[in-house]
Structures are given as C-alpha cells and as structure tokens.
Amino acid sequence: MSRFLSERYRVLQPYVPGEQPQNRKYVKLNTNENPFPPNPAVIEAVKKAAEDLQLYPDPDCKLLRTAMADYFRVGPDSVMLTNGSDETLYYAFLAFCDRENPALFADITYGFYPVYAEMTGVPYRELPLREDFTQDIPGYCGNEATVFIANPNAPTGIALTPGELETVLKANKDHVVVVDEAYVDFGAESCIPLTRCYENLLVIQTASKSRSMAGARLGWAIGSPELIADLNRIRYSTNPYNINRMTMAAGLATLQTDDYTRTCCSAVRANREYTAEKLQALGFEVLPSEANFLFARHPRVDGETIYLKLKERGVLVRHFTKERIRQYNRISIGTLAGMNVLLEKLNEILEEEL
Ligand SMILES: *Cc1c(COP(=O)(O)O)cnc(C)c1O
C-alpha cells in the first residue's frame, strides 16, 4: 500500500477470485466455469466483430438489448447489459443502498456482496442461513433493507422457488430485492416473469456459467424501466462503453444457439447427479444442488486437507476459510472425464486419511 492511497480504501478487503493458474494443467473445478466451449457460431461472430475494432461499440447496446428483451419477453427498457453480472451488482449497491437503505444478504452467499458493500460504504447485515443451509425467508421480510439473494445460492447450490421469493418481494415493497440468477439455467426457476408485477424486483443473470462465456464478460439486469433507468444513470457515469464489440456479437449469437446451451446444461446436470451419488458413496455429505457445482464435506476428513491434497494431484476445487463452511469444498461440475479424475483422486486421499 502506498502512502497515497485514499483513507477510504485502506481497510478494504478485496474479493479473492478462485485461482486461475496459467502454468500447470489442472482439472479445473474451482470457478464454476462451463466445461464445454462456446458454440462455433459464437466464435465466428466474435471474429467477425473484431473487424470493426477501430470503432467504439454502441453504448446503448440496442441490438443485443432488444434481442435479450424479446428472448425474456420483457420490454427493451427493462434490460441493461453489463461487463459480467458483477458490474450490475456493483451498480445496484451504488444505486439502491445507502445509510437509510442498508444491504441485507445471507451469511453464506456470494463473496462479492460484502466486498461491494464495503467498497461503496454501505452498511450491511448478514442473515444466517438455517442449520441445513436453506434460506431463512422470514428473516428477509420487513427489514427496511435492500435485499440481495443468489438463487440458486452460492456456494451451497440450494434454490428457492419464485413463490418463496414473492414472499420476500411482498414484504419489502419499499425496497429493492435483487435476485442474482447466475446459476438459474442449471435447474432453478427464473423470477424474470415476476419483474412485470413487482417494481421492486431486479433480476441479474450472466452468460458466464450456463452459456460458456465467462471470458466474454457479459451480464444483464432485468427489472422495471424505472429501476433500469436508475442503473443506467450509474452506468453512464462510470463506463458507458462497458460492452465491447466482440462481447456484443457473442451475446447475440448465444441467444440464437439456445439448443446448444440447453444441451450443455443438461450434460452438466447429468454429471452433477452422477458425481453427487459417487461422492455420497465415498461417505461425503452433499447439499442438494440446482447449480453447476456441489458443496460437500466428509465427516471424517478435514476440508482444507482435501482441497490441498486434490491440488497436489492436479485437481482444483474451491475451499473457503469462513468458519461455518471450512469443512466443505465447492466442486464445479466438469466433463464426465474430469469428474472421474476427481473421484479417483478423492478415493486415494480417503485411503490415506482414514
Ligand atoms: C459467477 C457469479 C456472478 C458473476 O459472474 P460474472 O462472470 O461477473 O457475470 C454473480 N453472482 C454469482 C452468485 C456468481 O456465482
């Protein structure tokens, strides 16, 4: 830290992304990427878009925004595109939280929520998940707070129904409820249709996971035109050219290759069920996941030991040091071959440890 850094940021604890090793080849099951490459049509579209790189992209993202609106059956003014959904989340903290409207989110959820709260100087409260890691729905109700819920939740994978989220929306009529649907395509039901009835609902999605586009950085927010206008005020005051030409083209192409996305998601779901069963057979406790990862612990082997020993053997999973979940590891769902390598290495590790 230099002596020049603003006082504001001296205590900030930045978000720590999962390891992205650039040297050794790992079976990489630590950042919830899709194991399948993007559709060839997406790659072609990106190449084509690169021909116009000398020109700024459209800050209004009109083509992609209207295509997205048609796809989700909402109006074009109900959509805003961002550089990954993390950018939308940041804007939501800036736009809808302050001293009078603190943020409220689960104690075990996406690690970026508390970072954005700190970054934007917004007070926040963490609502403990229940003992079984399910969401405490009544706990979100009537708090005079802006609510952030990941659905399915990360890193647990547990999903809520739109009905449960409606309870939260009805009990927080004077506050925005942000539903982060980064993993919704792997089995949960989207709340996007509810944006037509609830002016306080903001839904956030991303192409990073289900659409195999983590490298493109494309996310979007869907909500009432008023909420979207608020977010655009922030976006135009921060980074109006946030979607580059290649990403814009990739976004259009992925919407047109939906069958491919669905096929990849089905394969991930099948591999998830297969892996959950095998992990249980090895003695792991596995939370019921609707996402592209599993959250699992072994009752007799330390979580960090499992993480480190897997890494030595060339398999990366995600371990968190937070007390309540330090015995767990989050395992992204890869190809069947990848999952079999994981299971084989776990078998070896358990033999050593038990
Ligand atoms: C991955 C993830 C995001 C952000 O993804 P982007 O790559 O920035 O679109 C947001 N929320 C949750 C819960 C995630 O896991």
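Begin by selecting Cys97 and Cys141: the sulfur of Cys97 lies 17 Å from that of Cys141, which is the closest cysteine sulfur and yet too far for a bond. A disulfide is here a pair of cysteine sulfur atoms within 2.5 Å, and a search of the whole structure finds zero of them. Cys97 counts as buried, because its relative accessibility is 6%; the terms used are buried for under 20% relative accessible area, exposed for over 50% and partly exposed in between, with a 1.4 Å probe and protein chains only.

Before moving on, keep in mind that this is a predicted model, in which local features need pLDDT of at least 70 and side-chain atom pairs count only at pLDDT 80 or more, while totals for chains, interfaces and linings use all residues. Residues are numbered from 1 along each chain as its sequence is written, and side-chain values use heavy atoms, with hydrogens and water left out.

Next, select Cys197 together with Cys191, whose sulfur is the closest cysteine sulfur to that of Cys197 but, at 11 Å, too far for a bond. Cys197 counts as exposed, because its relative accessibility is 58%.

Now select residues 84-96, which form helix 3; helices (H or I, at least four residues) and strands (E, at least two) are DSSP runs, numbered from the N terminus. From first C-alpha to last, the 13 residues of helix 3 reach 19 Å, close to the expected 18 Å, the expected span being 1.5 Å times one less than the number of residues. Helix 3 is mostly covered, with 10 of its 13 residues buried, among them Leu89, Tyr91, Phe93 and Phe96.

From there, go to Asn39, in the loop between strand 1 (27-28) and helix 1 (40-49). Asn39 is buried, with a relative accessible area of 13%. Leaving aside residues up to four places away in sequence, Asn39 touches Thr257 and Tyr260, where contact means heavy atoms within 4.5 Å.

Finally, show the open sheet of three strands, whose order is 9-10-12 with antiparallel pairing. Its edge strands, each pairing on one side only, are strand 9 (285-286) and strand 12 (328-332). Two strands pair if DSSP finds at least two bridges between them, and strand 9 is joined to strand 10 (residues 293-297) over two bridges in the antiparallel sense. Select Glu285 to find Arg297 of strand 10 standing opposite. Adding residues 258-281 brings in helix 8, which lies across strand 9, strand 10 and strand 12 and runs at about 10° to strand 10; axes are lines fitted to C-alpha atoms, for helices over the stretch in contact, and angles run from 0 to 180 degrees between N-to-C directions.
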